[in-house]
Amino acid sequence: MTNLEEGVSQKFQKGTNTIFWGESLHVLNTQIADASVDLIFADPPYNIGKTFGAFKDRWASDRDYAQWCYQWLDLCVKKLKPNGSMYVMSSTQCIPYLDIYLREKLTILSRIVWAYDSSGVQARSRYGSLYEPILFGVVNKKEYTFNAQEILVEAKTGATRKLIDYRKATPTQYNTQKVPGNVWNFPRVRYRMPEYEEHPSQKPEALLERIILASSDKGDVVLDPFSGTFTTSAVAQRLGRVSIGIERECDYVKIGLRRLGIQADFNGEALQKPTKSYQAQNPYQLSVFEEL
Ligand SMILES: C[S@@+](CC[C@H](N)C(=O)[O-])C[C@H]1O[C@@H](n2cnc3c(N)ncnc32)[C@H](O)[C@@H]1O
């Protein structure tokens, strides 16, 4: 079976990791208790015409797309604990609709730009898009998890020698670490990276690692209503969080089942990572390389 009937979902669970194969509105409505989730990372289709399995990511208008988003945004907010946090991504052209809507429901603490280097086709008639926006909101701005010490980055001063602050009574070296600002540079997931899966918009583990470390503690519940390759769940699992992932397309659910070690096969099909084109097919070739 590779298609689900409407209004039906299937649950897969092992240890602290759960995958729901189904439509996210339906699963959020029927399977997830209100006020039960510490952190939500939502990376929905962006309304830019990508193809996700049988699904084409294009609504009749931006407003139609926004109306659809408002439904799952409302549900997600309902699922958050009173001290919960939510990160939401979308396209640069659609995020303003989500921002204006969400700021009535949560306190938006940061508007993050995930910036990356160019790849693929270059724009010739306008400025090419080299970032994706992320909203970071919390239910209660006075009480929420933010583990600043877990996500420190180098504080670049531009100087080659260590800078000393002479204004202090005892001159001390400037801090060499800081909490990241709201422009994040992480490379996109490339074919040759070990984490690569076959999906048109897989997010990098490094991006999810920062979010999960900052906005949840060990044992917390992390939910992703549009899981794709289950990056959120895989990183949550590695960091000792409880993961819940929802995905509608069967092929991506199979990636999740394998990536999280929930099942080794699906309907009799062995779930294996496809071999990459540059990986040696021929055992003789491999032994020649190994000798080099
Ligand atoms: C932008 S991708 C998420 C990528 C993911 N963050 C990753 O790192 O792989 C959005 C995903 O949402 C799924 N999707 C789209 N509409 C859905 C719906 N109504 N319910 C559940 N999943 C849906 C698509 O199949 C697609 O895999």
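The domain assignment, whose bounds come from an automatic or database domain assignment, divides the protein chain into domain 1 (10-145 + 182-291) and domain 2 (153-179). Taken over C-alpha atoms, the centres of domain 1 and domain 2 are 36 Å apart. This is a predicted model, in which local features need pLDDT of at least 70 and side-chain atom pairs count only at pLDDT 80 or more, while totals for chains, interfaces and linings use all residues. Residues are numbered from 1 along each chain as its sequence is written.

**Helix 1 and helix 2**
- Helix 1 (residues 24-31) and helix 2 (residues 62-79), both DSSP runs (H or I, at least four residues) numbered from the N terminus, pack at an angle of about 30° with their axes 10 Å apart, where axes are lines fitted to C-alpha atoms over the stretch in contact and angles run from 0 to 180 degrees between N-to-C directions.
- Helix 1 is therefore roughly parallel to helix 2, a term for angles under 35 degrees.

**Helix 2 and helix 3**
- The axes of helix 2 and helix 3 (residues 95-102) cross at roughly 40° and come within 10 Å.
- These two helices, helix 2 and helix 3, are therefore oblique to each other, the class left for angles that are not under 35, over 145 or from 65 to 115 degrees.
- Asp62, Ala66, Cys69, Tyr70 and Leu73 of helix 2 meet Tyr97, Leu98, Tyr101 and Leu102 of helix 3, contact requiring C-beta atoms, placed from the backbone, within 7 Å.

**Ligand surroundings**
- The ligand is surrounded by 21 residues, the closest being Phe52, Phe226, Gly228, Thr229 and Thr231, with nearness set by a C-beta atom, placed from the backbone, within 6 Å.

Technical notes. Two residues are in contact if their C-beta atoms, placed from the backbone, lie within 7 Å.
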